[in-house]
Protein chains: 2
Amino acid sequence: MKKGPVTIKDIARELNVSVSTVSRALADNTLVKIDTRNAVKALAKKYNYQPHFTALSLRSSKTRTLGIIIPQLVHEFFSMVIRGIEDHAYSNGYNVIISSSHESYDREVIDSKALVNGRVDGLMACVSRETNNFDHFKEFVDRNIPLVFFDCICDEIDAPKVVLDDFEAGYQAVKHLIEQGCERIAYVGGPINLLINKDRLAGYNRALSEAGLNTKDDWIIHCDSGDYEAGRLKTEPLIKSKQIDALFAATDMLAIGAIKNLKSIGLRVPQDVMVVGFSNWSISALYEPSLTTMSQPGYEMGQKAAELLIQRINNPDQEINETVVMHSELIVRESSHID
Amino acid sequence: MKKGPVTIKDIARELNVSVSTVSRALADNTLVKIDTRNAVKALAKKYNYQPHFTALSLRSSKTRTLGIIIPQLVHEFFSMVIRGIEDHAYSNGYNVIISSSHESYDREVIDSKALVNGRVDGLMACVSRETNNFDHFKEFVDRNIPLVFFDCICDEIDAPKVVLDDFEAGYQAVKHLIEQGCERIAYVGGPINLLINKDRLAGYNRALSEAGLNTKDDWIIHCDSGDYEAGRLKTEPLIKSKQIDALFAATDMLAIGAIKNLKSIGLRVPQDVMVVGFSNWSISALYEPSLTTMSQPGYEMGQKAAELLIQRINNPDQEINETVVMHSELIVRESSHID
DNA sequence: TGTACAATTACAAACGTTTGCAACCCATAA
DNA sequence: TTATGGGTTGCAAACGTTTGTAATTGTACA
């Protein structure tokens, strides 16, 4: 006789009390008589009553949902970030909606607008490599919707951020190569408009200058993406010129692309050229030679971002925009190590 | 003076008309005078009015949100599926909420219950390897909430399904090895309670028997997971016994684990032992030797699942529970091919 | 017997929207 | 002048909750 799921009204009708009494009884409010409370709770249990999510949202103007905007979904690092976010969000009673912009600025703008309208209580974002205009994010700040950046951040906007110390990571990676005795070290990086790539390159430069080593313009290569193909194509001329004895790549995939080139002209890794990658993707441990790399704690970054965001949601007036800096660790494997 | 986002009420007040008129005007209802309509639309544009998502949901009892339950998030295949689902969902005006059960039955149950309460209009699920009880899914059917299974399906429940023809894929993989001249072919698979693994194994058996070849009990290995480590540990005794000249693995990672063992005792791939994997993960093209594998069209499966689900949502009474079968393709690479 | 107060309950508004129905205005025709 | 009716508009209910306030009980005390 009933159709949809059971509501508070149904329980009220059956028990001949008002909906408000039922509502309070379920909240264990001492205003309602203990007998009534028990009766209500018993019936609710019997009918497996579940509060209507949307109704709650409307009443409280809280959706208990967080939004994520990321450039890519099929990507080990971002998968880890999402897992970190989800774990923290779920255990705090929040749901998560993900929008992947596919590295497209337009899509990023559309998605972010779609998420504003009371769909989410807050947003976590990592900007795409196409993004150079940040107005759509400013709108969040203007509308007072909590916003947290992670990884690829936007420097212009005043919001909490979770980042890796990419400078230090780049510095460590190159320092390690120098300690292995390398002197002619190349850099292969991703899109230079992203802060993370600027920082990794800066770390590279710093380590070199500190060691009194020089680099050359064509030892520094910028790729449009961090993919294997980009790495293979872009590093080919440099590698064929046989000038270098080491290479620091800003992603593991770029590193593997470069290694393919090295192998193809008979150069051995690590004996002839040492290589360090970045991100510690699962492939880097399995590849041969296994790849020295810098860890990128995606899970922890996701957790931290969710934590900051929920904190921000719960204290909307508190305007502390802290930047949490995570640290990368050098993982030494075969590609940069001779026994 | 105003606080939250602008509502239909605000527009009504400013224009001295009723909310209903504004509502109709925005819907371009010809009942309202064209002048009024234009005035309303102009003001809505000026204030960047966005309909309140939650209010719409409550009114229409539609959330325009789809739920996904998957065993793992950090997984190339599932990432592809999600991308396929999201692309289709977004372009049809749906959002997506993902719950990853982390291969845990309990988590799967909790998540699915959480999604029932009017949070989603429908659900897509891939059961975890721990799952042998399907009551929580039956609840969806009972409650008449549209449900679609993909990949790891539940046979007992009458719902639309999107699956790979795992039998045919297994058959093709092994047939290919036989055509390469292999005669002593082993199988390494994932958890056998999952239908997909049963089917891949059945395909293996069929190809063998069709070719008049025999197998042995200890040439068939079942792992608890499809991971690299599982593959490496579980295949070690078999490989050290040097009985086989080929191996079909139910995942690329299992295949690579096995290849590591082969290499460690000096056996060459493909010269001494040929290997075929499954899923065509990106690592399989990059690994050396590059890995012959069966494609697994995750993106397309996701798209199809979303399509079926939205279809189901729009026609709730239509009880056609079709099963869509996708096909896998053999991708021949170095690990099973001698020039 | 009436009053006061505590205990318990119900009513109503609100969150932002859509939509059936009633009501209004004005012009045209009887 | 009054009725008819098309063109516009507003009212109110509904979706499922929560919560401030009012109303109803019952009991004890004067």
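**Chain contacts, DNA surface and a strand of chain B**

In this predicted model, 33 residues of chain A are in contact with 33 residues of chain B. On the side of chain A that touches chain B, two or more residues come from each of the elements α4 (53-60), α5 (76-91), β2 (95-100) and α12 (282-286) of chain A. The largest share, 6 residues, is given by α5(A). Sorted by class, this side of chain A has 17 nonpolar, 10 polar and 6 charged residues.

DNA strand D is surrounded by 24 residues, of which A:Ile8, A:Ser20, A:Ser23, A:His52 and B:Ser20 are the closest. Elements of both chains supply at least two residues each to the surface near DNA strand D: α1 (8-15), α2 (19-26) and α4 in chain A, and α2 (19-26) and α4 (53-60) in chain B. The residues of this surface divide into 10 nonpolar, 9 polar and 5 charged.

Within chain B, strand β8 (residues 246-249) is covered on both faces. B:Ala246 and B:Phe248 are buried on one side, and B:Leu247 and B:Ala249 are buried on the other. Strand β6 (residues 185-189) of chain B pairs with β8(B) in the parallel sense over 4 bridges; among the residues involved, B:Ile185 has B:Ala246 as its bridge partner in β8(B). Strand β9 (residues 274-276) of chain B also pairs with β8(B) in the parallel sense, over 3 bridges, and here B:Phe248 has B:Val276 of β9(B) as its bridge partner. Together with helix α11 (residues 252-264) of chain B, the strands β8(B) and β9(B) make a right-handed β-α-β unit.

Technical notes
Residues are numbered from 1 along each chain as its sequence is written. Chains are lettered from A and ligands numbered from 1 in the order in which they are written. This is a predicted model: local features need pLDDT of at least 70, side-chain atom pairs count only at pLDDT 80 or more; totals for chains, interfaces and linings use all residues. Two residues are in contact if their C-beta atoms, placed from the backbone, lie within 7 Å. Ala, Val, Leu, Ile, Met, Phe, Trp, Tyr, Cys and Pro count as nonpolar, Asp, Glu, Lys and Arg as charged, and the others, Gly among them, as polar. A residue is near a molecule or strand if its C-beta atom, placed from the backbone, lies within 6 Å of it. A residue is buried if 20 or more other C-beta atoms lie within 10 Å of its own, exposed if 12 or fewer, and partly exposed in between; C-beta atoms are placed from the backbone. Two strands pair if DSSP finds at least two bridges between them. A crossover is right-handed if, with the strands pointing away from the viewer, the path from the first strand over the helix to the second runs clockwise.
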